[in-house]
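Me: I should like to learn how to read the features of a protein model, one at a time. May we work through an example together?
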Amino acid sequence: MTFQRILIALGAAVLLVWAQRSYGWPGVAAVSGALVMWLMLHFTRVMMVIKRAANRPIGYVDSAVMLNAKLRAGVPMLHVMTLTRSLGQRESAEGQDPEVYRWTDNGGSYVLATFQGGKLKEWALTRPQPAAEAPEGTDTPSPAP
């Protein structure tokens, strides 16, 4: 994750140098404007995801089974929050890496997701056991003769 941040900053610096050498200060202004626009779009996306998540209970998801089907290894926490529209219930200790979060649906099924360095490493779906069926001869009507 740190390498990616360094690469983005280095790419922005290279673009600014290229714009200055090719087009002078108007080029720097154009590239700077484009970089600021990109940052604003990213910031707006993050704020919209957090705003939607703030309106839902922590650790709730509509369907844990559907969430399990949509998850992929390596996606960032922001992508998972977009899918669930809620923050996950923290299962690991504060500041511990890897971080473990849990999303539960109304049926009692839940997805336990592990994030290493902000990226989804692994996840597991757990479904509740069905209630034991009633034994023969109890609470069942007798057949009509």
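Me: Which residue has a side chain joined to that of T84 by a polar contact, and at what distance?

Reply: The partner is W103: the side chains of T84 and W103 form a polar contact of 3.4 Å. Please bear in mind throughout that this is a predicted model. T84 belongs to helix α4, and a polar atom of the T84 side chain also lies 2.9 Å from the backbone oxygen of S86.

Me: Is T84 buried or exposed?

Reply: A residue is called buried when its relative accessible area is under 20%. T84 has a value of 2%, so it is buried. Beyond its neighbours within four places in sequence, T84 is in contact with R56, Y60, V61, L67 and W103.

Me: How should I read a helix that has several buried residues, and which residues of α4 are buried?

Reply: The general idea rests on helix geometry: with 3.6 residues to each turn of an α-helix, residues three or four places apart point the same way. In α4, which spans residues 77–84, the buried residues are M77, L78, V80, M81 and T84. These residues lie on the same side of α4, because the arc they cover around the axis is only 160°.

Me: What covers the buried residues of α4?

Reply: The cover includes two helices, α2 (25–54) and α3 (64–70), together with the strands β2 (99–104) and β3 (110–116).

Me: Where do these elements fall in the overall order of the chain, and how many helices and strands are there?

Reply: The chain has 4 helices and 4 strands. Along the sequence they are arranged as α-α-α-α-β-β-β-β. To see how far apart in sequence the contacting residues are, consider the contacts with a separation of 6 or more: 46% of them are between residues 24 or more positions apart. One spatial pair to inspect is K70 and L83, whose C-alpha atoms are 8.1 Å apart although 13 residues separate them in sequence. K70 is in helix α3 and is partly exposed, at 48% relative accessibility.

Me: What is the phi of R85, and where does this residue lie?

Reply: The general expectation is that most residues other than glycine have a negative phi, and that most peptide bonds are trans. R85, which is not glycine, has a positive phi near 60°. R85 comes just after α4, in the loop between α4 and β1. With a relative accessible area of 46%, R85 is partly exposed.

Me: Which two residues are joined by a cis peptide bond?

Reply: They are D97 and P98, with omega at about 10°. P98 is located in the loop between β1 (89–90) and β2.

Me: How many salt bridges does the structure hold, and how should I read them?

Reply: The criterion is a side-chain nitrogen of Lys or Arg within 4 Å of a carboxyl oxygen of Asp or Glu. The structure holds 3 salt bridges. One of them pairs R56 with D62 at 3.1 Å, N to O; D62 is exposed, at 53% relative accessible area. Another pairs R90 with E94 at 3.6 Å, and R90 also meets E99 at 3.7 Å. As for accessibility, E94 is exposed at 68%, R90 is partly exposed at 27%, and E99 is partly exposed at 23%. Through shared partners, the salt bridges join R90, E94 and E99 into one network.

Me: Which residues make the nonpolar surface patch?

Reply: The patch is made by F3, L7, L10 and V14, and its area is about 450 Å². V14 is part of helix α1, residues 2–23, and counts as exposed because its relative accessibility is 51%.

Me: What are the values for the chain as a whole: how much surface is accessible, and what share of the residues is buried?

Reply: The accessible surface is about 10500 Å², and carbon and sulfur atoms account for 62% of this area. Of the 145 residues in the chain, 23% are buried. T84, with which we began, is one of the buried residues of α4.

How values were computed. Residues numbered from 1 in each chain as written. Predicted model: local features only at pLDDT ≥ 70, side-chain atom pairs only at ≥ 80, totals over all residues. Heavy atoms only, no water. Buried < 20%, exposed > 50% of the residue type's maximum accessible area, 1.4 Å probe, protein only. Arc of directions from axis to C-beta. Contact = heavy atoms within 4.5 Å. Areas by Shrake-Rupley, 256 points an atom, 1.4 Å probe, with all protein chains shown as cover. Polar contact = N/O pair within 3.5 Å; in protein donor to acceptor, adjacent residues only side chain to side chain. Patch = residues over 30% accessible without salt bridge, like charges linked within 9 Å, V, L, I, M, F, W, Y side chains within 5 Å.
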